[in-house]
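Q: Please take me through one part of this structure in a close look. I am in my first year, so a step-by-step account in plain words would help me most.

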Amino acid sequence: MSNIHETAYIVNYYRSQDPELSLDPYAHLWVTERSKKLAQDFDEKVLHHEGPLTCLRSRYFILELQKFYKLHGGFTFINIGAGFTTYPFILSEEVQCIEVDQPHVVSEKADRLKAFQSNGLLPHREVEFIAADLNDLKDIERLETLLLSKKNQKPFFVLVEGVIYYLQETSAKRMMSMIQNVCPAKSRAGIISLMPEAIESRGIQRVIEYFHDHFGFPKKNYTTFSYDTFKSLESFHLIHHTDLQQLEIKYCGTQHANLDNSFDEQFYLLEKV
């Protein structure tokens, strides 16, 4: 059985190391000795600059979510594969927040959030959790039905960050279809994906080897999508595309992110037409 969900702990460790860059003041709450050791081992053996690059992922979506709030006021934020991210506590309390992840992740997160809020470590927010196996087509159908029931006058912002490439291809395509079906007009979706041509790069191949050896994730199970896939979606308009290299230059003034030294993620921002 794959333990790929453990990467969620590594992500928060990285984000906690530079909250000014990540714009996440709460990531440190999820840092454990195990997450610290995992991240340090990953730095040493796989990608040496992953900390700042992971912070850039957080920064990009926080800024986009804040822009969306300025446009629409209260909206419905749906984070698919949310892990231990803390977006609801960075956003206005007017934003309705729904998080989707594996049952054991959802259970642990719900319990720990209650403790953090009761101890005054996080502001109060109402977060609705939906447990789902995103590789199970029946679970995706159930999720689609639940999200359709949430439709009201507010637009959605659906975030799929760091999860779609771990899904089987049929599940990833079904989830893309689901997102198109559930979103009202003016909704946006932020999706991170890998390009087909990048999967053989030295950087991504080192990640694939490490995740197989440490988390039991199959080497052939990575799903990729081309730029044209997002450009040609029927009900969404691609309003922005960027990648880690461009974000690093913009916010850090450095150029460590490349096919040899990074997990070459592509960022797509889509708007429902």
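A: **One strand and its surroundings**

Start with a pair of residues: Phe77 stands opposite Phe157 in S4. Keep in mind that this is a predicted model. The strand to follow is S4, residues 156–160, and its neighbours will lead us outward from there.

Phe77 is a good way in, as S1 covers residues 76–80. S1 and S4 pair in the parallel sense, with 5 bridges between them. Now turn to the partner on the other side. S4 also pairs with S5, again in the parallel sense, over 4 bridges. Two residue pairs help you find this place on the screen: Val158 stands opposite Ala189 in S5, and Leu159 is opposite Gly190 in S5. In general, strands of a sheet are held side by side by backbone hydrogen bonds, in a parallel or an antiparallel sense.

Next, look at the side chains of S4. Phe156, Val158 and Val160 point one way, while Phe157 and Leu159 point the other way. Are these residues buried or exposed? All of them are buried. Here, buried means that a residue has under 20% relative accessible area. Since 5 of the 5 residues of S4 are buried, the strand is largely enclosed by the rest of the structure.

Now zoom out to the sheet. It is an open sheet of 7 strands, in the order S3-S2-S1-S4-S5-S7-S6, and its pairing is mixed. You can read the two partners of S4 straight from that order: S1 stands before S4 and S5 after it. At the edges are S3, residues 127–131, and S6, each of which pairs on one side only. On average, neighbouring strands of this sheet are turned by 20° against each other, with direction ignored.

Helices lie against this sheet. H6, residues 103–118, packs on it by touching S2 (96–101) and S3, and its direction makes about 155° with that of S3. H8 lies across five strands that you can look up by name: S1, S4, S5, S6 and S7. It runs at about 170° to S4.

H8 also brings us to a small empty space. A search of the whole structure finds 1 cavity of 30 Å³ or more, and its volume is about 30 Å³. Which residues line this largest cavity? They are Met176, Ile179, Gln180, Ala189, Ile191, Leu233, Phe236 and Leu270. H8 (169–182) and S5 (188–194) each supply at least two residues of the lining, and H8 gives the most, with 3 residues. Ala189 may look familiar, as it is the residue that Val158 stands opposite in S5. By class, the cavity lining has 7 nonpolar residues, 1 polar residue and no charged ones.

Between H8 and S5 there is a loop, and Lys186 is found in it. Its phi is near 75°, a positive value in a residue other than glycine. That stands out, because most residues other than glycine have a negative phi. Lys186 is exposed, with a relative accessible area of 56%.

Finally, follow the far edge of the sheet. S6 (236–243) is one of the elements that give two or more residues to the lining of the second largest pocket, together with H4 (50–72) and H11 (244–251). This pocket has a volume of about 160 Å³. Among its lining residues are Tyr60, Glu64, His240, Thr242 and Tyr251. The lining divides into 4 nonpolar, 3 polar and 3 charged residues. Compare that with the cavity lining, which has no charged residues.

To retrace the route, begin at S4, where all five side chains named above are buried. Step to S1 on one side, over 5 bridges, and to S5 on the other, over 4 bridges. Then find H8, which lies across S4 and S5 among other strands and gives 3 residues to the lining of the largest cavity.

How values were computed
Residues are numbered from 1 along each chain as its sequence is written. This is a predicted model: local features need pLDDT of at least 70, side-chain atom pairs count only at pLDDT 80 or more; totals for chains, interfaces and linings use all residues. Side-chain values use heavy atoms; hydrogens and water are left out. On a 1 Å grid over the protein atoms alone, a cavity is a set of points where a 1.4 Å probe fits but cannot get out, and a pocket is an open set with protein on both sides within 12 Å along at least five of seven lines; lining residues have an atom within 4 Å of a point. Grid points are joined across faces, edges and corners, and a volume is the space filled by probe spheres set on the points. Ala, Val, Leu, Ile, Met, Phe, Trp, Tyr, Cys and Pro count as nonpolar, Asp, Glu, Lys and Arg as charged, and the others, Gly among them, as polar. Two strands pair if DSSP finds at least two bridges between them. Axes are lines fitted to C-alpha atoms, for helices over the stretch in contact, and angles run from 0 to 180 degrees between N-to-C directions. Contact means heavy atoms within 4.5 Å. Buried means under 20% relative accessible area, exposed over 50%, partly exposed in between (1.4 Å probe, protein chains only).
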